[in-house]
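Student: Hey, can you help me get my head around this model? I'd like to poke at it with some quick questions.

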Amino acid sequence: MLYVELTIQGIVQGSIYALIALGLTLVYGLLRILHVAHAALFTLGGYIGVIVTNQTGSLTLAIVAAAIIVGLVGMAVYKLAYEPLLSQPPYIALIASIALFIASEELYRIIFGPYGLSYTVQPMSGHIELFDGFRLKYVEILVISMSVVILSVLGYLSLHSRMGIAWRATVTDPSMAQAFGVNIQNVRYLNFFIGSALAAIAGVLVALLNNFVEPTMGSVASYKALAIIVLGGLGSIRGTLLAAMLLGVIESFGTIYLGHLIDRDALAFAFLILVLMVRPQGLLGAK
Amino acid sequence: MAYEMTLITTMAISVLFALSLNFISGFCGQISLGHAAFLGTGAYTSAMMTKASIPFLLTLPAAAITAAILGFIIGLTSLRVRHDFLAITTMGTGFLFVGLIRQQEFFGGEIGIAGIPSTGLGREGFMALCIGLAALFAIFSIRVRRSWMGFVYDSIADNEDITRILGINASTYKLIAFVIGTATAGVAGALYAHHFRFIGPDSFGFVESMSVLAMVIVGGIGSTAGVIVSAAVMSVMPLLFQFIDDYKLLLYSALLFFMMRFSPDGLAGLCSRTYDKIRRRRA
């Protein structure tokens, strides 16, 4: 019984991780940049979600607004911060990204206040009873179903739409793709838009789960998402999804059984280091 | 005078710590995002020992050795994973260190260790020790940079595969860099613990790792003089400008971001470029 509950908790957490980490993988696959500031966009999504829901009362509108606004901000981040650094060694962009992330956390604290925000009326607060006392919250169902739908739609589009094919071509070989008439700049913008929008949706969902957003809600997510994409084998989408789910489940079991030894957030990295020692290219990475 | 001495001691410890990272990241090109873990290892080792009334000076080598052992292990992983993978692995080490310390009653857990005994050297003596150690390591760094080993590090940082093709055992040299750099960080940690007389898991977290990396990069990665200047200035800036306290982190991160964006080779690069420009204008 406990096992079922822990597994479900793990899957809920894993779905959130998957939504966040997917954007990071998209950026890494295309530009070879470890985009730490991605988690700042996740936080921004959470804030926009709560503010729009409180103002208008509509959660759907909030999710759409968060996705679009944050998507645009993501494109601006690429244009202003990363594009000029593409010719530099990769650690330069990484440090710039970490700096950008810390600066955004501080900005959120100054703009939205240090204490965080909550929903005035929390949407989807109920739950259903499945069997003997086992509860599943509506929010948890929403989280799992939304990530399944979003990820399958994206997967389908990347395989069958013109833009998806152009995107995959650019990831495989940018100069060849360009020779075939793909506009690389557009692909990059689209990449940042989709990745950031996914992070924003994850932000809204986390805000729903906790009924709370705060300036630092991205800190743990940012480093953990990095661990996830490294674990999956940098740039591998399937690897990222697998790693996200695995980590979600491992964490929910680990907190119960290893909690006295090591705290929850360090667990991800312990697992990461163990895997990297055996498979330096990550779970599903190419050698 | 007491306040100035505290400032200078803080500076010297930061310079020593930043130079130790510069040895690994600047010379050998192995970016580490978890260097505070080694500062922490040294600090905890030394603090636990002086609390058991072992003389402070004896704890310095012990702190160096425990940090170096941990550094050797991380160095071994650097032989396995490279570049971005290594950056994340070292970051993971930092989180692992804090995560483990936090759960151990033995190390004071969440609360940390307070009431670390005095060094018995007096304020002046301790300051002189810190300055002396920092200066010693600075001289050592400059000597290494100009030696055969320094050339090997340059070539590993530039292109490890070619170094190997030239018949140089890059793995050994990388391990040496990790051991020297982390042992020095351990010594800096011992000094840190006895300077502030209090340590906790949060003193050695990700923010600390990032700020030391910021010192190295703002100074100019690999440049000993640049790192000394930036570490000295950046370590006392928050103390001198108490009034900007609320915006401190924002200011730091903005500074770091703009440095990366407009002068990725740091102060040292900025200076040498300005110098070149002036000379060209004169010619």
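Student: What relative accessible area does Arg109(A) have?

Tutor: Arg109(A) comes out at 23%, so we call this residue partly exposed. Buried means under 20% relative accessible area, exposed over 50%, and partly exposed in between, using a 1.4 Å probe and protein chains only. Before we go on: this is a predicted model, where local features need pLDDT of at least 70 and side-chain atom pairs count only at pLDDT 80 or more, while totals for chains, interfaces and linings use all residues. Residues are numbered from 1 along each chain as its sequence is written, chains are lettered from A and ligands numbered from 1 in the order in which they are written, and side-chain values use heavy atoms, leaving out hydrogens and water.

Student: Got it. Which residue forms a salt bridge with Arg109(A)?

Tutor: That's Glu106(A), with the closest N and O atoms 2.7 Å apart. A salt bridge here is a side-chain nitrogen of Lys or Arg within 4 Å of a carboxyl oxygen of Asp or Glu. Glu106(A) counts as buried, because its relative accessibility is 9%.

Student: And where do Arg109(A) and Glu106(A) lie?

Tutor: Both are in helix H4 of chain A, residues 90-112, three residues apart, which is about one turn of the helix. Helices (H or I, at least four residues) and strands (E, at least two) are DSSP runs numbered from the N terminus. An α-helix has 3.6 residues a turn, so residues three or four places apart point the same way.

Student: How many salt bridges does the structure hold over all chains?

Tutor: Eight over all chains. One of them pairs Glu251(A) with Lys224(A), the closest N and O atoms being 3.0 Å apart. This pair links distant parts of the chain: Glu251(A) is in helix H10 and Lys224(A) in helix H9 of chain A, 27 residues apart.

Student: Are those two buried or exposed?

Tutor: Buried. Glu251(A) has a relative accessible area of 0%, and Lys224(A) has 3%.

Student: What about the rest of H9(A), how many of its residues are buried?

Tutor: 15 of its 16 residues, so the definition of buried makes H9(A) mostly covered. H9(A) runs over residues 217-232, and its end C-alpha atoms are 23 Å apart, which agrees with the 22 Å it should span at 1.5 Å a residue. The expected span is 1.5 Å times one less than the number of residues. Right after H9(A) comes Gly233(A), whose phi is positive, near 95 degrees.

Student: And what covers the buried residues of H10(A)?

Tutor: The cover includes helix H1 (2-31), H9 and helix H11 (264-278) of chain A; for contact, we ask for heavy atoms within 4.5 Å. Among the buried residues of H10(A) are Ala243(A), Leu247(A) and Glu251(A).

Student: New topic: which non-glycine residues have a positive phi of about 50 degrees?

Tutor: Asn211(A) is one of them, and Ser53(B) is another. Most residues other than glycine have a negative phi. Asn211(A) lies in the loop between helix H8 (184-210) and H9 of chain A and is partly exposed at 22%. Ser53(B) is found in the loop between helix H2 (36-51) and H3 of chain B and is exposed, at 65%.

Student: Cool. What area is buried between chain B and chain A?

Tutor: About 3500 Å², with carbon and sulfur atoms giving 78% of that. Buried area is the accessible area (1.4 Å probe) that two parts lose on being put together, summed over both. The contact takes 35 residues from chain B and 44 from chain A.

Student: How many salt bridges are counted between chain B and chain A?

Tutor: Zero. The rule does find two residue pairs in polar contact across that interface. A polar contact is a pair of N or O atoms within 3.5 Å; within protein, one must be able to donate a hydrogen and the other to accept it, and residues adjacent in sequence count only if both atoms are side-chain atoms.

Student: Which helix gives the largest share of the side of chain B that touches chain A?

Tutor: H4(B), with 14 residues. That side of chain B divides into 22 nonpolar, eight polar and five charged residues. Ala, Val, Leu, Ile, Met, Phe, Trp, Tyr, Cys and Pro count as nonpolar, Asp, Glu, Lys and Arg as charged, and the others, Gly among them, as polar.
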